[in-house]
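Subject: Structure for your files

Hello,

Here is the structure I said I would send. My notes on what turned up follow below it.

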Amino acid sequence: MPEILLSCRDCGEIYRAPGALRHSRRLLCRRCGARLWQAPARRFADPRAFAVAAAILLLLTNAFPLFEISLEGDRRGGLIASGAAALLQYGDAISAVGALVALIAVAIPAAGVILLIIVLMRLHPGARNRARPPAGLAAIWRAYLRLRPWAMLDVFLLGAVVAYTRLDQLAQVAVMAGGYALAAFVLLQVVIEQTLGRQRVWTAIDDPAKYSPAAGEPWVLCLDCDLVVGARDEDGAERRRCPRCGAGLAPRRPQSLAITAALCLAAFILYLPANLFPILTITRFGRSEAYTIIGGVRDLAKAGLWPLALLVLLASIVVPVLKLTGLTCCLVAIRARSAWLLRQRTAFYRFIDYIGRWSNIDVFVVATVAALVQFGNLTSVEPGPGIASFAAVVVLTMIAADAFDPRLMWDAALQGRRR
């Protein structure tokens with residue numbers, strides 16, 4: 001059985017593995033500790049059924065209200081899309097937040113489920129031609145993987161829990177069918193991802209062994225499908241596209257440091273107004289009270305909801321600071337060609353890249369509450385300018401972490417040793 005080449009996407013180390021790799025449990029990079037390969041703990045007899053079930057749950061999630069709120073006999077329910085629609089009614093930056101919520105809580109999750117079903121249907125043994133990969137299937141799976149971090153219904157679920165505690169302080173609130181469907185969808189999504197396996201799907205689409213470069217041949221790693229392929233094509237020209245998924249190829253992410261630095265600088269600038277300006281204002285019986293992010297944490301703590309207060313503190317205050325300072329330290333270390341705590345820095349980058357999306361909890365809280373609590377002179381909620389700055393910080397840091405290439409830290413450290 002032919003060998004398969006694996007390359008660590010975090011430090012650039014290259015490994016040769018047996019062709020029976022797909023039966024291995026887990027392989028880690030011995031240099032930086034990154035995961036090179038992990039087989040799913042269990043396999044579905046037919047994963048298509050789970051994907052279709054997820055689609056049905058997503059339809060129910062969007063078709064039925066998450067909550068029903070009642071105040072002085074006035075009842076109203078709110079869909080997931082209601083928050084986006086409410087924010088879109090405001091001008092300028094607030095409407096941009098509404099568009100963001102519509103994308104990451106409605107449009108992208110729906111597109112992701114559709115793409116997943118297409119891939120699983122076309123990979124079914126009865127429909128698959130093993131001689132040639134199904135046309136366009138690699139591009140569809142690549143699109144799904146790129147969209148997945150931006151499909152944030154799992155984050156929305158936590159935001160809905162926090163919103164429920166806020167709503168319960170203002171009026172009578174009940175969880176409706178859409179809320180239960182959302183929880184079921186998120187749980188099923190976790191099960192699908194843990195048992196399906198990203199790399200197993202890539203291997204089923206097209207066997208990586210046939211693309212492995214010969215010993216001593218220059219190679220390049222595709223960051224989209226993790227394929228290690230020869231750096232030059234059959235004609236001897238520089239290979240610019242991955243032969244399996246069609247993504248662009250480069251030894252390192254183009255303009256990685258410049259893009260990361262620019263986005264971090266913009267996020268640092270916006271982080272101050274995000275914490276100084278109110279993210280929402282609650283008006284009750286003619287009396288208005290504005291809440292900043294830290295004010296919301298204080299309010300949850302005063303109500304005795306310490307776990308939720310800690311959750312919001314971590315997601316909205318600690319995580320953005322960690323991402324910005326962490327990425328800045330990585331950029332400075334590359335500039336200094338430092339090898340200090342190189343393995344730990346790489347692990348820290350993986351951590352902040354993973355947790356960054358969870359900072360959107362406050363964005364979803366504001367969208368949900370602003371859509372539901374509109375009872376005229378009795379009680380109303382208005383989004384504040386701080387939420388626009390905060391949403392921009394979260395988006396900028398997510399893009400910055402994705403644009404950063406951690407292999408540059410190892411390249412710089414190696415250059416520093418050679419000086």
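Ser70 has Arg75 in β6 as its bridge partner. That bridge comes from a predicted model, as does everything else in this email. Strand β5, residues 67-71, runs antiparallel to β6, and five bridges join the two.

The sheet they belong to is open and has three strands in the order β6-β5-β7, with antiparallel pairing. β6 (74-78) and β7 (172-175) are the edge strands, each pairing on one side only. On average, neighbouring strands of this sheet are turned by 20° against each other, with direction ignored.

A helix also belongs in this part of the picture. Residues 153-170 form α5, which lies across β5 and β7 and runs at about 15° to β5.

I also looked for internal space. How many cavities of 30 Å³ or more does a search of the whole structure find? The search finds one, and the space in this cavity comes to about 130 Å³. Its lining is made up of 13 residues, and those nearest the centre are Gly112, Val113, Leu116, Tyr144 and Gln189. Three elements give two or more residues each to that lining: α3 (92-123), α4 (137-147) and α6 (177-196). By type, the lining residues are nine nonpolar, two polar and two charged.

A note on methods will follow separately.

Regards

How values were computed: Residues are numbered from 1 along each chain as its sequence is written. This is a predicted model: local features need pLDDT of at least 70, side-chain atom pairs count only at pLDDT 80 or more; totals for chains, interfaces and linings use all residues. Side-chain values use heavy atoms; hydrogens and water are left out. On a 1 Å grid over the protein atoms alone, a cavity is a set of points where a 1.4 Å probe fits but cannot get out, and a pocket is an open set with protein on both sides within 12 Å along at least five of seven lines; lining residues have an atom within 4 Å of a point. Grid points are joined across faces, edges and corners, and a volume is the space filled by probe spheres set on the points. Helices (H or I, at least four residues) and strands (E, at least two) are DSSP runs, numbered from the N terminus. Ala, Val, Leu, Ile, Met, Phe, Trp, Tyr, Cys and Pro count as nonpolar, Asp, Glu, Lys and Arg as charged, and the others, Gly among them, as polar. Two strands pair if DSSP finds at least two bridges between them. Axes are lines fitted to C-alpha atoms, for helices over the stretch in contact, and angles run from 0 to 180 degrees between N-to-C directions. Contact means heavy atoms within 4.5 Å.
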